[in-house]
Amino acid sequence: YGYGLFVGQNGTSGHGGDNDGYGCEYSFSLKGNYGIILLTSSGGRWVSELYQAIDRILQNEVGE
C-alpha cells in the first residue's frame, strides 16, 4: 500500500483508503514541509473530510 502515491492538486503526495471498518489517509508536502497521517479503526467518509480540513489549515499556515 505504501507504493501507490498520488499527487494532489495542491502538490501533496499521498494515499488513502477505507476497508472493512478501517480508514487511513497520509500525505506529505515537500513544498510546505509538512505531513499528515490519519489512521482509524472506524472507516467512513469522515476520515477523508477530516484530512481535507487539516490539509487546508496547514496550507494556510505555511502559505502554499
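In this predicted model, strand β1, which covers residues 6-7, pairs with strand β2, covering residues 13-19, in the antiparallel sense and over 2 bridges. Within this pairing, Phe6 is placed opposite Gly14 of β2. The hairpin that β1 and β2 make has 5 residues between the strands, and in it Gly11 adopts a positive phi near 90°.

Following the chain onward, β2 is also joined to strand β3, made up of residues 22-29, by 7 bridges, and these two strands run antiparallel. Two positions can be used to trace how β2 and β3 are set against each other: Gly16 has Glu25 in β3 as its bridge partner, while Asp18 stands opposite Gly23 in β3. The hairpin formed by β2 and β3 has 2 residues between the strands, and Asp20, which lies in the turn, has a positive phi of about 50°. A residue with positive phi is thus found in the hairpin of β1 and β2, at Gly11, and in the turn between β2 and β3, at Asp20.

Taken as a whole, the sheet is an open one of 4 strands, arranged in the order β1-β2-β3-β4 with antiparallel pairing. Because β1 and β4 (34-40) stand at the edges and each has a single partner strand, one side of each is left without a neighbour in the sheet.

The helix can then be placed against this sheet. Helix α1, spanning residues 45-62, lies across β3 and β4, and runs at about 160° to β4, the strand that, like β1, stands at an edge of the sheet.

How values were computed:
Residues numbered from 1 in each chain as written. Predicted model: local features only at pLDDT ≥ 70, side-chain atom pairs only at ≥ 80, totals over all residues. Heavy atoms only, no water. Pairing = 2+ DSSP bridges. Contact = heavy atoms within 4.5 Å. Axes fitted to C-alpha atoms, helices over the stretch in contact; angles between N-to-C directions.
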